Structures are given as structure tokens and as C-alpha cells.
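Please open the model in your viewer and keep the sequence beside it, since this tour moves from one selection to the next. Take your time at each stop before going on.

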Amino acid sequence: METINASDFKARCLAILDRVRDTGEHIVILKRGRPVAELWPPTESKAAFPQLELTGTVTVVGDIIGPAVPESDWESLR
């Protein structure tokens, strides 16, 4: 992973963005020697909608329709 000073990044921003897109490398941008940002290419999504990428990532472990707490804890029923 390459590091680059913010002033250098500012001067060569468009060329650096093209290089990241073409090579897929990650670059850390430094300001006064401290990391302030990381730059990497975006992930390629094949889904028509972002929500579709979540398909199969959730496991239902209980009742998803009933109340989260028992009715005995409801103040409105007291």
C-alpha cells in the first residue's frame, strides 16, 4: 500500500485516481505525516439494486412479526 502526502495528492489527483482505477492498488493519503484518508477503487456491483447484494446474508432466529418485548412490560396496558 502506497502512501502519499496530501499536497502531492492535490497536485496529481486526476492521475492518481486513474492509476487506482487501472491497477486496483490502495493509497493512503497523509497530512503532516498522519493518515487522513484511504483511496481504493469501488467494488463492482452486478445487482440492479444495492439491496439485492444482501440476499442470503440474514438469518432469522426468532419471531419477526410478534412484539420485541412481552405484553406484560408494556406501560400502556397497565
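Does Asp18 count as buried, partly exposed or exposed, and what is its relative accessibility? Keep in mind as you look that this is a predicted model. Select Asp18, which you will find in helix H2, residues 13-23; its relative accessibility is 35%, so Asp18 counts as partly exposed, given that the class of partly exposed lies between the cut-offs of 20% and 50%.

Keep Asp18 selected and add Pro41, which is 23 residues away in sequence, while the distance in space from C-alpha to C-alpha is 9.6 Å.

Next, select strand E2, residues 27-31, and look at what surrounds this strand: four of its five residues are buried, so E2 is largely enclosed by the rest of the structure.

Now add the strands that pair with E2, beginning with strand E1, residues 2-5, which runs parallel to E2 and is joined to it by four bridges. To find one of these contacts, select Glu2, whose bridge partner in E2 is Ile27. Then add strand E3, residues 34-39, which pairs with E2 in the antiparallel sense over five bridges; here Leu30 stands opposite Pro35 of E3.

Finally, select Arg32, which sits in the loop between E2 and E3. The hairpin of these strands has two residues between them, and Arg32 has a positive phi near 55° although it is a residue other than glycine. Arg32 has a relative accessibility of 80%, so it counts as exposed, the cut-off for that class being over 50%.

How values were computed:
Residues numbered from 1 in each chain as written. Predicted model: local features only at pLDDT ≥ 70, side-chain atom pairs only at ≥ 80, totals over all residues. Heavy atoms only, no water. Buried < 20%, exposed > 50% of the residue type's maximum accessible area, 1.4 Å probe, protein only. Pairing = 2+ DSSP bridges.
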